[in-house]
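Please read through this structure step by step, with the sequence and the 3D view side by side.

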Amino acid sequence: MEYFVQQLINGLTLGSIYGLIAIGYTMVYGIIGMINFAHGDIFMIGSFIALTTFLILTTVFGFAFLPVVLLIVIIIAMLFTSAWGWTVERLAYRPLRGSFRLAPLITAIGMSIVLQNFVQVTQGARVKPLPPQIQGGITLMEGSPETGSFVVQLSYMQIIIIGLTLVLMAGFTLLIAKTPLGRAQRACEQDRKMAALLGVNVDRTISLTFVMGAALASVAGLMFLLLYGVIDFYIGFLAGVKAFTAAVLGGIGSLPGAMLGGLLIGLIEVFWSGYFSVEYKDVAAFSILAIVLIFLPSGLLGQPEVEKV
Amino acid sequence: MAVAQRTGLGAAIEPNAYAASLKDAAMAAFLVAVLGFFFLPLRTDIAPGGLAITYRWPIWVAAILIVFGGRLLLNLFVFKARKPITRTIGEQMSGSSLRVPGLGRALGMALFVFAAILPFFITAVFPAQQRQFIDLAILIMTYIMLGWGLNIVVGLAGLLDLGYVAFYAVGAYSFALLAEYFGLGFWMALPLAGILAAFWGVILGFPVLRLRGDYLAIVTLAFGEIIRIVLLNWYEFTNGPDGISGIPKPTLFGLEFTRGDDGFAAFFGLEYSTIHRFIFLYYIIFVLAIITNFVTIRLRKLPVGRAWEALREDEIACRSLGINTTNTKLTAFAIGAMFGGFAGSFFATRQGFISPESFTFLESAIILAIVVLGGLGSQVGVVIASVVMIGGIELLRNIGFLSQIFGPDFDPVQYRMLIFGLAMVAIMVWKPRGLITTRNPSAVLKERKKIGADMVSQGEGH
């Protein structure tokens, strides 16, 4: 029981990270109908920017008060990663609107390779370890050695990750539901041509979609850095595929679906490694991707796609 | 207008275009400054007591200046010029090359003859580095074969397969395991490896072929990774990360390439040399690659090949015309996988050792990049892309002056994937149907018309 609860908490934490990345996939898919294969690498870029900013703040400027440091890191990482997201869209996807269907997917793969290798060349291939910054937590259930039960702990880090995800999700939902930008975004999602005729700047809206996705992914990158304490140039690949699985599982194009899918993928991964085997946890995620796409292509909360000729 | 155009490049620009060009270049430079800020000048490294930052401001400044200058020149001469310099060059180029009929065929034949005599050419001209060069030729030939195999799936049938390396792995492991458990030799195992890979192609293909283009891509990627993870963790059967070693070498009708009395050299009365085995390996992969190419060319003329191309252009139209799309896709998948399997068992016998390390997604990406750069569906394009991308960068390593510029630990191979990725994006943005390809229609009514790449580039097919 204690083990189960602990795994549940861990799974929700991991799922929050996947959910934040999945939103980027699902929004881009909703608006231009392509898989932004480079999104996982945008997440990795965000993680590196967060790491470097954190190091500069703590070692060069000597900031010691952690909440302020983290706040500045989040803001800077979001800003700079957004610039990357914008550039990727501008360089690799915008020129290909109206090209044949595989073209944007191939540039997306190309862009993913470029980002990975750019970071590898400039930052080196070795992993970057960061010692745990936030320690301690709340003990939910006391373990007892006699019965062999575990201590269930909700660490402060997990509270921060889950809390921050909730705040971001709430803010983001408001942004999509209430602001003019959100309205334009939803309009483009429904019918790009009609939206353009009614005066929505479609190109700008698509750019901003990429920017928002990148900003959320950068926060996920920071969380990943704090949670695992080690990053390298390749983390975007696996995290990206899993987040994409989350987006598909929740129903691609649906924002609540992406978050739900993220949480489910996080839970499945953690429980699979907890109860079955750690080695095959990635196989579990990949299999879910294949199974969902084959048997439930519209996902849990998505709408079935109608192909128009 | 006409007068201004004739007065040369400088005058062919609107007066206020100078200011606009400058502004645009400044913006590009600013963007590079922002994007590069956390990557070029600052580098985190593991140091005693945690991570430390090293500063490299000159690289950052250089990158900004290069982008500023490059963008400015592009603006002045290409983007904002009345007559872009690229068009002038293009007109001159196309004026000379389009008038040669059958250039592609002649180029193909020339390449074929050159490849057929290549090992002897190398041993005669570069005796000191013959082993290195023949090894490189084998590597390039392997990628050509893989490229041709994937070209069936991606270029002809239009199914983006990101897990092609899985079939390469199946071929390699089939041979290695057959050799280990049943003691089969290369020639016995080769067809079996091909059949097994094709079988896996059908098994993996069957459930996913209903999916649309981009979903299919990501599911094949997932399958590729699953196969690799299983190979990595099924320790009892595949030896896991330690891999399988001692894979037998191929023989020439039972003759081994050894020093002994029953070896190849003794049988033919030649002086024993290790290079014989490399030349033999080269010819094996050469013949395998030629078979791949030949089969592809013949298949294109059969109904199934035409169905592949029709499927690539428009799946719905295809189905309306009564083509069984599932079977068509499955044959493409299976045949592509089979050639991947052949190449895989060749890889196993050449290396003598295989491990899951060799079959990562990166390998799939390299093969896909070769197909894309060559122009989807073009056979000669795959050859050129492999030679340039694999061979060219290996050769850069040997050029001395680059390491004098960039320092002694400059390794061009490090930049290979970066160049691959950039080239993939650039090709798709500027020439989505490849650099050199023009389409020949497979079926014609009265006369055979050339369809230029520019005409098909806007096709809405899959």
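How many residues do chain B and chain A each bring to the contact? Chain B takes part with 52 residues and chain A with 54 residues. This is a predicted model, and its scores are ipTM 0.84 and pTM 0.86.

On the side of chain B that touches chain A, several elements supply at least two residues each. The helices are H2 (17-36), H8 (186-208), H9 (213-233), H16 (361-374) and H19 (416-430) of chain B. Two strands of chain B, E1 (42-47) and E2 (50-55), are also on that list. H9(B) gives the most, with twelve residues. By residue type, the side of chain B that touches chain A consists of 37 nonpolar, ten polar and five charged residues.

Next comes the division of chain B itself. Domain 1 of chain B covers 2-90, and domain 2 of chain B covers 103-356. Taken over C-alpha atoms, the centres of domain 1 and domain 2 of chain B are separated by 42 Å.

The last point is confidence. The average pLDDT of chain B is 80, and 82% of the residues score at least 70. Over residues 1-11 of chain B, pLDDT stays under 50, and the model has eight contacts beyond four places in sequence for this stretch. Residues 453-462 of chain B also have a pLDDT below 50, and the model gives this stretch 24 contacts beyond near neighbours in sequence. Predicted coordinates should not be read in detail where pLDDT is low.

Key. Residues numbered from 1 in each chain as written. Chains lettered and ligands numbered in written order. Predicted model: local features only at pLDDT ≥ 70, side-chain atom pairs only at ≥ 80, totals over all residues. pLDDT = per-residue confidence, 0-100. Contact = placed C-beta atoms within 7 Å. Domains from an automatic or database assignment. Helix = DSSP H or I, 4+ residues; strand = E, 2+ residues; numbered from the N terminus. Nonpolar A, V, L, I, M, F, W, Y, C, P; charged D, E, K, R; others polar.
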